[in-house]
Amino acid sequence: MKPNDAFHKPVLLDQAVEGLISDRDGLYVDATFGGGGHAKAILDNLSPKGRLFAFDQDKDALANKLHDDRCTLIHSNFRFIRNFLRYHGVEKVHGILADLGVSSFQLDELSKGFSFDSEDLDMRMNPASPISAADLINQLSEIELLKILSEYGEVRNAKTLARAIVQARLSAPIKNTQNLIQAIEPVIMGHRTRYLAQVFQAIRIKVNDEIGALKELLTTSIDILAPRGRLVIITYHSVEDRVVKHFMKSGTFGPDISLFNPSHDWILKTINKKPIRPDADEIRRNRRSRSAKLRIAERI
Ligand SMILES: C[S@@+](CC[C@H](N)C(=O)[O-])C[C@H]1O[C@@H](n2cnc3c(N)ncnc32)[C@H](O)[C@@H]1O
């Protein structure tokens, strides 16, 4: 029973597992199974009575299934965790871990279209979902493109870029990655690779509705966490981290979006005031860990 390290090197592994497990006999959720690195470490820290329900929306991750009777691996978006847990007769769990974004395998696998070296402009973690990156790029209005590129990509000249994409698709649809790069090339500012990475990240976040799914997971966590249960989230993007930080602190998704009645005491207690970051050694061993931020909260 080995995690697939070539698929993805788990980030902030010890800190995440230590923050998650309060009861070795408990029930846990790994919302983002990937190569199974975190899942394996969770199982190693549970007793024979403990159980883990793991989720991934990418079918390719299922090949990394851990052969351990205590682990159930489910092919689904983590938006639907509650339904699947109910199906398995589970109402409450002792901890939920989510290690957001994409795995190294997904980024490197050219057929998935996440990288600017790939041909297909796809970027769907679940190929059965209806909208690909090419669909989005050809269908979104200039205003919508601007919003995504500035909010999720933090691209400095998002307005100019959104206009350039709309101009390019007027002459011919943007069908593949090469077409998109040709449209972007004349307006690139600063370091080319970094700029393209920001643009591709923004499109990926929108294609997979990553912020929408995260908000649903956070809201669901309140219903399914047992008292003293832990919520442990690793983010790689400032928008994700902001959403998690505000939710853990006050049950809102941002400074002005209130979900819960503020006159009531909020039912999560933040465990670490500042996010936990990988140290220099981990960043040297795994460059993809460099933007990671780990936040932990406990259900009161
Ligand atoms: C950063 S990787 C997780 C790596 C994993 N912790 C490990 O140790 O190998 C993120 C994984 O979560 C999956 N994922 C991302 N968003 C998801 C969602 N909304 N629902 C289910 N799986 C999701 C991706 O397909 C990917 O395999």
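From which domains does the lining of the largest pocket draw at least three residues each? The lining draws at least that many from each of domain 1 (13-105 + 210-299) and domain 2 (130-207), the bounds coming from an automatic or database domain assignment. This is a predicted model, in which local features need pLDDT of at least 70 and side-chain atom pairs count only at pLDDT 80 or more, while totals for chains, interfaces and linings use all residues. Residues are numbered from 1 along each chain as its sequence is written, and side-chain values use heavy atoms, with hydrogens and water left out.

**View 1. The largest pocket and its centre.** About 1,100 Å³ of space lies in this pocket (an open set of points on a 1 Å grid where a 1.4 Å probe fits, with protein on both sides within 12 Å along at least five of seven lines; lining residues have an atom within 4 Å of a point). Of its 34 lining residues, Leu107, Ala197, Gln201, Arg288 and Arg290 lie nearest the centre.

**View 2. Helices in the pocket lining.** α9 (192-207), α4 (104-108) and α11 (238-250) each supply at least two lining residues (helices are DSSP runs of H or I, at least four residues), and α9 gives the most, with eight.

**View 3. The interface of domain 1 and domain 2.** The two domains bury about 640 Å² between them, 48% of it on carbon and sulfur atoms (accessible area, 1.4 Å probe, lost on being put together and summed over both parts). One salt bridge is found across this interface (a side-chain nitrogen of Lys or Arg within 4 Å of a carboxyl oxygen of Asp or Glu).

Methods. Grid points are joined across faces, edges and corners, and a volume is the space filled by probe spheres set on the points.
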